[in-house]
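Dear colleague,

I am handing over the structure we spoke about, and my notes on it follow directly below. Please read them with the coordinates open beside you.

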Amino acid sequence: MALVIPLSAFAQGDGPSTLAASEKRAAETVSRMEDAEKTVLTKTMLAVPLMGGSVPEGGVAGAGFAPAIPRLGIPALKETDASLGVAYLMGLRNDGGATALPSGVAMGSTWNPELLYRAGAMIGSEARAKGFNVMLAGGVNLMRDPRNGRTFEYLSEDPLQSGILVGASIAGIQSNHIISTIKHFALNGQETGRFSVDVRVSEAAARESDLLAFQIGIERGQPGSVMCAYNKVLGHKACDNDWLLNTVLKKDWRYKGYVMSDWGAVPGLSTALNGLDQQSGAQIDKAVYFGDMLAKAAKSDPAYAVRLDDMNKRILTAIYANGLDKYPATPGGAIDRKANADIAEEVARQGVVLLRNRGGALPLAAGVKRVAIIGGYADRGVLSGAGSSQVHGDKGPEVIVPKQGGGPVGDFISEQYHESSPLKALRAKLPNATIAYSEGRYISEAVTQAKLADVAIVFATQWASEGFDQPDLSLPSGQDALIAAVAEANPNTIVVLETGGPVMMPWLDKTAAVLAAWYPGARGGEAIASILIGETNPSGRLPLTFPASLDQLPRPVIDGASEVAESFDVMAAQDSKLSTNYDVEGSDLGYRWNARRGQKALFPFGFGLSYASFATGDLKVNATSASFTVRNTGKRAGATVGQVYLVSRNGEIKQRLVGFQRVSLEAGAQQKVSVAIDPRLLADWRDGGWSIAADDYAFALGDDAETLGKPVTVRMKAKHWKD
Ligand code: BGC
């Protein structure tokens, strides 16, 4: 069955050819703008009482605000973070909380664009009900390094999967007549030295990987805005990067919306000429460049004058195409909390990945009598990732573990748990079992509890945040020792991982089962319990590689880890000479890197177990599509993800995911699936365009990126084309 994703408002708007019509209307409005009006939309001011910001008249406490221009019927722009829901902002807004989706990597694990569309539509509706009309969502940086502090916010290490999923999420958000961003453009692959690290990469590698994810996401989601990143790319800050913004985005991809900066990412006025259209949270930068300074430059320099009109035209195009003027977002709108939490729970149920299940240890036996739950604040809630994307329900965090010094930034960046206790959920679902809880602080006590129980379930956490990378992939605070000791004491030990991304598992062989539950959102506890007891059949598949060791990574040590003082605080950031070389792996990141090097992962990309079993076969491939069958060979209904990979070209290993489809099947049922193959996935970027060589291309079905079926070889015709 083909995927049917409703088009976003940007593409569909109020009538036919809205984008072209909106652009025309925008140009007409610009022609009526007075000089003073031309620098109203070109900057937003931080709209929180922190870091020099305040909540302006007519604004809502949030990331940014630009006032309305009533004379021209232009609405104020009211911005909020982010991809996982309306950001909580430490409760500053005082309008209750919002529904927290599971983390990006959990959403990636669903491989389900329809669900991400619904999830996007849900968070967009909450943003709108709270009075916001711009959502700083659409995080789609490829997971080049599993230690990246923002891995939890992103979707996948693969450009096709990332692009399809982010496009669906953006389209969902924008279906509420609000603008979504896609971010952080581009190559924002590490947090270490994030404000200044210079990414060195060949154009071909960038076009075939990180940029391709953005390109597909923009095509599918039509975001009104692109947020440029903090880092440098080839020597220039991403928000001051003529090549990225003018050449790639606006010329080659013909992008009609506007580029907004990340907060504190604007180095000067020249960014206007290099493609930036809006300075965000402008008081955080060294100066408000896109106000009076820009107006003055436009008076004396025609290049700035032309750009100023273009900046306004682009912002207005996004406003009109999404109907922000016709459907104003005002605070106090109705929110169906129950329905929205149901969506968050569905994402969690589909996003949890069953990594290990020795002898069918899961689901828990119906008659299980005694269970020991250990660690991870499982008696209180589930972990969430910190930073600008932090979302909470009405009561705010259930648990806060301080992480760094005081002050606003310290409060913001702390380990916070949603009120959704796996312990309570499990007790509700297993009323006849005795379920004990041990904090897990003392190994001896956890071991005693584990010995008394039929099953021990250890909840292990790894907190992550924007602004910092993980130094390695171990579980912090002695949790590896805790798990090893509990597993030693009770062979029926199950580990539930609440992590930002991959971790090492030195205790793996001793455990009975392992679930990757990521940061599972507002109803994470219920979703985990539902999978543990088998009410939900796990169907998540990894959207990134779990490496077997740090040596397997292109950069065993993150560049700058020993030199740059990491910080969340952009105002305290210093410029550095730090650079990182992505040409080590080029476009072959994650599973592609492992394929190239002949390395085996701890758990490969695409991997995930089910309480059912599946068989795929009958692969047929031509230049533009693939078809195959999927059969449920198990005893209960379940879902799997059919994955088609290019595996070699002219006999040389070259692995790329070229198509996928999540399929739900009753026991014994079979389905034929066809997926389109985007020619860019077969091509190399060469001579300013995409090139397919006349070669033999071998394709295979994969249970995951390493478990591949018999290859089918197709001779492709040579082809070269421009974007
Ligand atoms: C983050 C962005 C976010 C912005 C506004 C920045 O620190 O990198 O993702 O949208 O803050 O809060």
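Around the ligand in this predicted model stand Asp 81, Leu 136, Arg 150, Lys 183, His 184, Arg 194, Met 227, Tyr 230, Asp 262, Trp 263, Ser 388 and Glu 466, a shell that by class holds 6 charged, 4 nonpolar and 2 polar residues. Oxygen atoms of the ligand lie 2.5 Å from a side-chain N or O atom of Asp 81, 2.8 Å from one of Arg 150 and 2.7 Å from a polar side-chain atom of His 184. Of the 310 Å² that the ligand exposes when taken alone, the protein buries 92%.

As for the wider arrangement, the chain is divided into domain 1 (19-321), domain 2 (353-532) and domain 3 (612-721). The C-alpha centres of domain 1 and domain 2 are 34 Å apart, and the contact between these two draws on 32 residues from domain 1 and 35 residues from domain 2. About 2500 Å² is buried between them, with carbon and sulfur atoms giving 62% of that area; on the side of domain 1, Tyr 88, Arg 147 and Phe 152 supply 24% of what that domain buries against domain 2, more than any other three residues.

Between domain 1 and domain 2 there are 2 salt bridges, and 14 residue pairs are in polar contact across the interface. The face of domain 1 that touches domain 2 comprises 15 nonpolar, 11 polar and 6 charged residues. Arg 194 and Glu 466, both listed around the ligand, also form a salt bridge with each other, their closest N and O atoms being 3.1 Å apart.

With best regards

Technical notes:
Residues are numbered from 1 along each chain as its sequence is written. This is a predicted model: local features need pLDDT of at least 70, side-chain atom pairs count only at pLDDT 80 or more; totals for chains, interfaces and linings use all residues. Side-chain values use heavy atoms; hydrogens and water are left out. Domain bounds come from an automatic or database domain assignment. Contact means heavy atoms within 4.5 Å. Buried area is the accessible area (1.4 Å probe) that two parts lose on being put together, summed over both. A salt bridge is a side-chain nitrogen of Lys or Arg within 4 Å of a carboxyl oxygen of Asp or Glu. A polar contact is a pair of N or O atoms within 3.5 Å; within protein, one must be able to donate a hydrogen and the other to accept it, and residues adjacent in sequence count only if both atoms are side-chain atoms. Ala, Val, Leu, Ile, Met, Phe, Trp, Tyr, Cys and Pro count as nonpolar, Asp, Glu, Lys and Arg as charged, and the others, Gly among them, as polar. A residue is near a molecule or strand if one of its heavy atoms lies within 4 Å of it. Accessible areas come from the Shrake-Rupley method with a 1.4 Å probe; for residues, only the protein chains shown count as cover.
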